[in-house]
Amino acid sequence: EKIIQQPVVKINLTEMYIDAATNFIKEKSGLYAASYTYCNCTTFSEQSSPFLLYMAFQHTHKPQFSGKLATDSCIRGEFGDALAELDWGVGQILEELEKDGVSDNTFVFFTSDNGPSLEFRTHAGVQGALRCGKASTWDGGVRVPGIAWW
């Protein structure tokens with residue numbers, strides 16, 4: 001393995017992840033052989049079989065950051081900017097699946113790992129009417145959204 005950046009430069013980290021993910025999709029859909037040396041993703045595949053791309057975005061966790069396109073783009077501050085960049089990244093991946101002609105044979109599952117962190121208040125999500133949040137066994141800590149697309 002090769003260290004690409006140390007310390008990590010967060011201003012372009014999402015773009016690096018998305019480049020690696022979209023290159024992987026291109027490679028596995030047969031468009032070209034790509035080299036992806038940096039990616040916060042786990043991949044299991046064979047050239048002639050289905051592939052799995054697991055993207056673990058960190059945008060809703062501390063430290064929150066966003067690249068140049070999303071910085072200062074939302075009234076919600078750093079958290080809103082981070083979510084805007086996450087939304088952009090997911091959109092780029094879905095667009096690549098469509099462009100490469102594999103979207104009609106792809107299952108996409110989008111979910112969260114836990115409820116919002118109550119400790120960080122404005123730098124985290126909101127549990128709404130649910131009780132508690134992250135690190136609790138109440139509804140606000142374990143009920144998370146899930147979106148499936150295929």
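This report describes the fold, core, surface and local backbone features of a predicted model.

## Overall architecture

The protein is built from three helices and four strands, and, read from the N terminus on, these elements follow the order α-β-β-α-β-α-β. Of its 150 residues, 32% count as buried, while the area that the protein exposes amounts to about 9900 Å², with carbon and sulfur atoms supplying 55% of this area. Among the contacts with a separation of 6 or more, 47% are accounted for by residues 24 or more positions apart.

## The nonpolar core

The largest nonpolar core contains 14 residues, and those with the most contacts inside it are Ile 25, Leu 53, Met 55, Phe 57 and Ile 93. Two or more residues of this core are given by each of helix H1 (13–28), strand E2 (51–55) and helix H2; the largest share, six residues, comes from H1. As a general background to such a grouping, nonpolar side chains tend to be buried together in soluble globular proteins.

## Thr 14 and Gly 67: buried positions with distant partners

Thr 14 lies in helix H1 and is buried, since its relative accessible area is 2% and the cut-off for a buried residue is under 20%. Leaving aside residues up to four places away in sequence, Thr 14 touches His 59, Phe 65, Glu 85 and Trp 88. One of these partners, His 59, is 45 residues from Thr 14 in sequence, and the C-alpha atoms of the two residues are 9.1 Å apart in space.

Gly 67 is placed in the loop between E2 and H2, and with a relative accessibility of 0% it counts as buried. When residues up to four places away in sequence are not counted, Gly 67 touches Ile 11 and Glu 85. Ile 11 and Gly 67 are 56 residues apart in sequence, yet their C-alpha atoms are 4.5 Å apart in space. Glu 85 thus appears in the list of contacts for Thr 14 and also in the list for Gly 67.

## Salt bridges

The structure holds two salt bridges, and as general background, side chains of opposite charge can pair when their charged atoms come close. One of the two joins Glu 96 to Lys 99, with the closest N and O atoms 3.5 Å apart. Because Glu 96 and Lys 99 are three residues apart in helix H2, they are separated by about one helical turn. The partners have opposite settings: Glu 96 is buried, with a relative accessible area of 5%, whereas Lys 99 is exposed, with a relative accessible area of 57%.

A salt bridge is also formed between Lys 28 and Glu 27, where the closest N and O atoms are 3.8 Å apart. Lys 28 counts as buried at 14% relative accessibility, and Glu 27 likewise counts as buried at 14%.

## Surface patch and cysteines

Phe 107, Phe 109 and Trp 150 form a nonpolar patch on the surface, and together they have about 450 Å² of accessible area. Phe 107 lies in the loop between helix H2 (77–99) and strand E3 (108–111); because its relative accessibility is 54%, Phe 107 counts as exposed.

A search of the whole structure finds zero disulfides. Cys 74, at 30% relative accessibility, counts as partly exposed, and Cys 132, also at 30%, falls in the partly exposed class as well.

## Backbone features

Most residues other than glycine have a negative phi, and most peptide bonds are trans. Two sites in the model can be set beside this general pattern. Gln 6 and Pro 7 are joined by a cis peptide bond, for which omega is about 0°, and Pro 7 belongs to the segment before H1.

Asp 72 has a phi near 60°, which is a positive value in a residue other than glycine. Asp 72 lies in the loop between E2 and H2, the loop in which Gly 67 is also found. The two residues differ in their accessibility: Asp 72 counts as exposed because its relative accessibility is 71%, whereas Gly 67 counts as buried at 0%.

Definitions and conventions
Residues numbered from 1 in each chain as written. Predicted model: local features only at pLDDT ≥ 70, side-chain atom pairs only at ≥ 80, totals over all residues. Heavy atoms only, no water. Disulfide = S-S within 2.5 Å. Buried < 20%, exposed > 50% of the residue type's maximum accessible area, 1.4 Å probe, protein only. Patch = residues over 30% accessible without salt bridge, like charges linked within 9 Å, V, L, I, M, F, W, Y side chains within 5 Å. Areas by Shrake-Rupley, 256 points an atom, 1.4 Å probe, with all protein chains shown as cover. Salt bridge = Lys/Arg side-chain N within 4 Å of Asp/Glu carboxyl O. Core = buried A, V, L, I, M, F, W, Y, C linked by side-chain atoms within 4.5 Å. Contact = heavy atoms within 4.5 Å.
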